[in-house]
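Work through the exercises below with the sequence and the coordinates open. Try each task before reading its solution.

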Amino acid sequence: MNEPTLVEATSNSITVKWEAPPPPPPQQLQQLHVTRFTLFHRSATGEEPLKECFSSGGPDQTEFTLGGLERDTEHCFAVCAVNAISRGPLSEVATFRTKTWVECVFDHVEDTNGVIHWLGTNRNTSTTFQNPHLLGTAVATWSSTRQGAPENALQHNTSNNFTKHKPNSWWQVELKGGVCVAPTHYAIRHGAWNPFQVTAYVLRNWCLEGSPDSGATWTVLQQHTQDTTIPKKRYAWGHWPLPGGKSLFNVFRVTQTGKNSSGAYNLMIGEFEVWGTVALC
């Protein structure tokens, strides 16, 4: 048999496929016909032997995904055909590498694809989301506190959250653990003022900046002037695509560059999310 070929590699899985050998002539014994395939795997580092990782349910099953792998590691695969009498010889060994990055692809606001959600689910290894600020995988700060706390913008249950009435108010999140993002989209949720003014003080003038070096240098990713994308509704969302999407950043900062919809400088930020390619820097 020919060696397995690569279908797809992610940061924690490798999918391989293989071609079934040509069927034997009809006059051969039925027992010689292939009934299934056995796939073998080992890490490319070390001296451990190949071990069986998959046995197909029939001769038509010729693809398998091996998960639970570490990022940026090499893995060896070989396959053999099995009939009713014996197992055939192993194919040549093929080696593939997992990716060093994760794709957090934007679908819609409040999807579960964003980087903040990825961090809050321990890099998608948990089904339960926790605020990444509390986990220590991200740190949120802001220029001042009028109500709430900066880390509230990283949780999924939005509350009243905003700075004091001061020009150039800002909020930022720093990603920890060597995580960097080449962003493609981001979203901001309105942090309502109070039950009687939930449609007021909506963000209208601001810029999104990114830093690749924990705040030592900054790049303006998008400038917004009289942007009315966020509607005047309680905890409403706005989202925007980001051009480029190739440079990596580990800090994102929202700075209010003008007054909000009520003519004040309170920065209302109920929730923040960013999507893009995640890498370990």
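The exercises cover a sheet, two buried polar side chains and two residues with positive phi.

The model is predicted, and local features need pLDDT of at least 70, side-chain atom pairs count only at pLDDT 80 or more, and totals for chains, interfaces and linings use all residues. Residues are numbered from 1 along each chain as its sequence is written, and side-chain values use heavy atoms, with hydrogens and water left out.

**Exercise 1.** Determine the strand order of the open sheet formed by four strands.

Solution. Step one is to fix the terms: strands are DSSP runs of E with at least two residues, helices are runs of H or I with at least four, and both are numbered from the N terminus. Two strands pair if DSSP finds at least two bridges between them. Step two gives the order E8-E16-E11-E14, with antiparallel pairing. Step three identifies the edges: strand E8 (101-104) and strand E14 (237-241) each pair on one side only. From one strand to the next, the twist averages 30 degrees. Step four looks at one pair: five bridges join E11 (residues 179-189) to E14, and Arg 189 stands opposite Trp 237 of E14.

**Exercise 2.** Decide whether Thr 98 is buried or exposed, and find the polar contacts of its side chain.

Solution. First, locate Thr 98 in the loop between strand E7 (94-97) and E8. Next, apply the cut-offs: buried is under 20% relative accessible area, exposed over 50%, partly exposed in between, with a 1.4 Å probe and protein chains only. Thr 98 has 2% relative accessibility and therefore counts as buried. Finally, its side chain reaches the backbone oxygen of Glu 70 at 2.7 Å and the backbone nitrogen of Asp 72 at 2.8 Å. A polar contact here is a pair of N or O atoms within 3.5 Å; within protein, one must be able to donate a hydrogen and the other to accept it, and residues adjacent in sequence count only if both atoms are side-chain atoms.

**Exercise 3.** Repeat the analysis for Asn 131.

Solution. Asn 131 lies in the loop between helix H1 (115-120) and helix H2 (132-135). At 8% relative accessibility, Asn 131 is buried. Its side chain reaches the backbone nitrogen of His 133 at 2.9 Å.

**Exercise 4.** Which values of phi do Asn 124 and Gln 226 have?

Solution. Most residues other than glycine have a negative phi. Asn 124, in the loop between H1 and H2, has a positive phi of about 65 degrees. Gln 226, in the loop between strand E13 (219-224) and E14, has a phi near 50 degrees. Asn 124 is exposed at 51% relative accessible area, and Gln 226 is exposed at 55%.

Definitions and conventions:
Axes are lines fitted to C-alpha atoms, for helices over the stretch in contact, and angles run from 0 to 180 degrees between N-to-C directions.
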